[in-house]
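Here is a walk through one protein model, going from a single loop residue out to the sheets and the charged pairs. Have the viewer open and follow along.

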Amino acid sequence: MQPTDVHQRDGATGGVASGLPEMTDPHRRFGDLLVELGLVTVGQVAEAMALQPLTGARVGEALLSLGYLTRPQLQRALSLAISRGDTVVLDRPPLGEILIGLQYVDQPALEQVLARQRTDGRRLGELLIELGACTHQQVYEALGLQQRMGAGPDAPRRSTAEIHAAPTGRRVMVVDDSDLACSLVQEGLSEQGYDVVAFSDPYLALEQLDVIKPDLVLTDLDMPGLDGAELCRRIKTGPRRELPVLVLTASDGDEQRVGLLRNGADDFVRKGASMDELAARIGSVLRRTTQTERMRRLFARYTSDAVVEEVLRKGDVALLGEKRVVTVLFADVRNFTGFAERLEPEEVMARLNEVLGRLADIVLEWGGTLDKYLGDGLMAVWGAPIRRDDDAQAAVSAALQMMAEVRERNAAREQDDRLELGLGLNTGPVIAGSIGSARRTEYTCIGDTVNVASRLCALAGPGEILVGSGTAELLRTLGPLEELAPVRVKGRLAPVPLFKVTSALNDALDTQRRF
């Protein structure tokens with residue numbers, strides 16, 4: 001209902017010209033707030049306050065009984081009052097009113113319980129729990145909120161400085177169609193040091209993701225139009241799919257929880273859980289997300305997006321080092337030194353980037369990991385961080401494609417402008433893990449298998465692919481290899497068996513790929 005009286009402002013102070021406390025009073029009563037919001041007039045509040053000695057009703061309830069205020073307006077004012085902070089002192093609202101605002105009970109159910117209360121005089125919260133209208137947690141949450149909202153001006157309160165004394169540096173987006181619930185969660189998480197942005201409209205929350213840039217989304221499950229499960233699904237299938245989503249649910253059913261997890265939810269928490277538990281859940285999810293993002297950044301430089309996603313999904317990576325069987329490939333541009341002497345530095349870098357860039361793309365296309373660039377060459381690995389049964393076959397296929405593309409590029413160039421490539425591969429055990437300092441780290445493989453592959457690459461002539469015995473053993477069933485005389489390499493006492501990849505093996509692999 002719209003107010004009919006005209007607000008008369010005191011020009012000197014900005015307060016309401018009435019017998020009530022001025023609007024600038026830091027401890028204004030709830031009636032003043034209703035006037036400020038334009039829901040009622042000063043005269044209507046005075047009329048309601050005059051009824052208090054006779055009826056004992058609070059200002060808000062008196063305004064309801066006089067027809068000057070609707071219940072939705074009263075609930076909205078309560079929600080806004082909470083978000084105002086320490087300077088707003090409210091009349092303590094009825095417990096049932098708070099439970100409706102939190103959407104834990106509807107008006108018909110509350111009226112039924114109130115009727116029962118009038119006959120036996122028992123406490124409302126006790127009856128709500130007994131009749132199954134609310135849970136213990138919901139009633140306790142509402143009682144706590146009622147206590148905070150009804151605290152007098154002399155009640156001890158935490159200052160803003162105390163609330164933000166230990167900020168986490170993390171931003172949480174809260175989505176709940178109840179303004180009251182949004183305010184409650186916002187207040188609690190702010191006290192825990194989070195930067196909180198609340199939305200009562202889930203569609204608007206989705207639109208503002210790129211603007212707000214939250215570290216986590218906390219959403220209610222039961223919302224009209226777009227519920228929490230669908231909101232979660234849209235986030236997880238969109239460009240911000242890595243954003244963690246925590247869902248508030250009143251259900252304890254396994255089926256619903258499984259459905260939420262399948263929609264991509266990172267965790268869920270019961271409505272009515274304490275603010276400490278909610279903050280602990282958020283902290284746990286954010287820690288897991290931080291580790292995931294660290295791994296994503298670490299591997300994104302070395303391998304394809306598909307392998308990165310597989311690493312994150314399986315979690316089968318030991319960053320501190322583990323023993324693995326891998327196939328290592330070294331590639332080296334053979335005549336690069338002489339080539340560089342004839343050209344300007346800018347042209348040398350352009351040609352080198354062109355060649356090595358394409359070789360690196362081939363590594364990623366065949367599911368390998370680009371370990372490092374080595375001046376005019378590179379090192380790549382198959383089998384770390386992700387293992388597959390055909391790692392050796394994929395590595396040799398990548399080597400053959402590298403050679404084919406270099407030949408194709410050379411065919412279009414003059415003899416003096418051609419670059420040749422030598423390749424060496426070896427399969428065996430290595431130690432794979434993250435090496436470096438806190439400021440710079442990289443994922444790599446070390447061990448004798450790597451050293452032998454490097455030596456084989458140095459032995460390979462232009463256009464040759466040499467492999468060690470470990471790789472040859474895995475390829476024998478696919479096609480023929482040319483066995484060469486064993487060679488002595490630096491760091492090994494015994495001669496190393498040596499094999500050369502043949503065109504027949506290339507043809508056999510092509511046939512297998514077609515079928």
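## Starting from a loop

Leu243 sits in the loop between α13 and β4. The model is a predicted one, and this residue is a handy place to drop into it. Is Leu243 buried or exposed? Its relative accessible area is 3%, so Leu243 counts as buried. Setting aside neighbours within four places in sequence, Leu243 has contacts with Leu209, Pro214, Asp215, Leu216, Val217, Ile235, Lys236 and Asp266. As for Thr289, 46 residues away along the chain, its C-alpha atom is 8.3 Å from that of Leu243.

## The parallel sheet

Now zoom out a little. Five strands form an open sheet with parallel pairing, in the order β2-β1-β3-β4-β5. The edges are β2 (195-199) and β5 (267-270), each of which pairs on one side only. Ignoring direction, neighbouring strands in this sheet are turned by 20 degrees against each other on average. Strand β4 (residues 245-249) is joined to β5 in the parallel sense by 4 bridges, and Leu246 has Asp267 in β5 as its bridge partner.

Two helices are worth a look here. Helix α10 (residues 179-191) packs on the sheet and touches β1 (171-175), β2 and β3 (216-220), with its direction at about 175 degrees to that of β2. Helix α13 (residues 228-236) also packs on the sheet, touching β1, β3 and β4, and its direction makes about 155 degrees with that of β3.

Ala279 belongs to helix α15 (residues 275-300). With a relative accessible area of 10%, Ala279 is buried. Beyond its neighbours within four places in sequence, Ala279 is in contact with Leu189, Gln192 and Tyr194. The C-alpha atoms of Ala279 and Gly188 are 8.7 Å apart, although their positions lie 91 residues apart along the chain.

Arg262, in helix α14 (residues 254-262), makes a good contrast: Arg262 is exposed, at 73% relative accessible area. Its C-alpha atom is separated by 8.8 Å from that of Arg233, 29 residues away along the chain.

## The antiparallel part

Further along the chain, take strand β6 (residues 322-333). Why call β6 largely enclosed by the rest of the structure? Because 9 of its 12 residues are buried. Strand β6 runs antiparallel to β9 (residues 421-436), with 12 bridges joining them, and also antiparallel to β8 (residues 377-382), with 6 bridges. Asp332 shows both pairings: opposite it stand Gly422 in β9 and Gly377 in β8. Asp332 itself is partly exposed, with a relative accessible area of 21%.

Ile431, Ile435 and Ile446 make a nonpolar surface patch of about 250 Å². Of these, Ile446 lies in strand β10 (residues 441-446) and is partly exposed at 44% relative accessibility.

## Charged pairs

Side chains of opposite charge can pair when their charged atoms come close. The count for this model comes to 18 salt bridges, including these:

| Acidic residue | Basic residue | Closest N and O atoms |
|---|---|---|
| Glu130 | Arg116 | 3.5 Å |
| Asp195 | Arg171 | 2.8 Å |
| Asp332 | Arg334 | 2.6 Å |

Glu130 forms a salt bridge with Arg116. Glu130 lies in helix α7 (residues 124-130) and Arg116 in helix α6 (residues 107-120), so this pair ties together parts 14 residues apart in sequence. Both are partly exposed: Glu130 at 43% relative accessible area, Arg116 at 32%.

Asp195 forms a salt bridge with Arg171. That pair links distant parts of the chain, 24 residues apart, with Asp195 in strand β2 and Arg171 in strand β1. Asp195 is partly exposed at 33%, and so is Arg171, at 29%.

For the pair in the last row, Arg334 is partly exposed at 23% relative accessibility. Elsewhere, salt bridges that share partners join Arg351, Glu354, Arg409 and Arg413 into one network.

## The whole chain

Stepping back, the protein has 22 helices and 13 strands. Of its 515 residues, 45% count as buried. Among contacts between residues at least 6 apart in sequence, 66% join residues at least 24 apart. The accessible surface comes to about 25,700 Å², and 51% of that belongs to carbon and sulfur atoms.

Conventions. Residues are numbered from 1 along each chain as its sequence is written. This is a predicted model: local features need pLDDT of at least 70, side-chain atom pairs count only at pLDDT 80 or more; totals for chains, interfaces and linings use all residues. Side-chain values use heavy atoms; hydrogens and water are left out. Buried means under 20% relative accessible area, exposed over 50%, partly exposed in between (1.4 Å probe, protein chains only). Two strands pair if DSSP finds at least two bridges between them. Contact means heavy atoms within 4.5 Å. Accessible areas come from the Shrake-Rupley method with a 1.4 Å probe; for residues, only the protein chains shown count as cover. Patches are made of residues with over 30% relative accessible area and no salt bridge: like charges are joined within 9 Å, nonpolar side chains (Val, Leu, Ile, Met, Phe, Trp, Tyr) within 5 Å. A salt bridge is a side-chain nitrogen of Lys or Arg within 4 Å of a carboxyl oxygen of Asp or Glu. Axes are lines fitted to C-alpha atoms, for helices over the stretch in contact, and angles run from 0 to 180 degrees between N-to-C directions.
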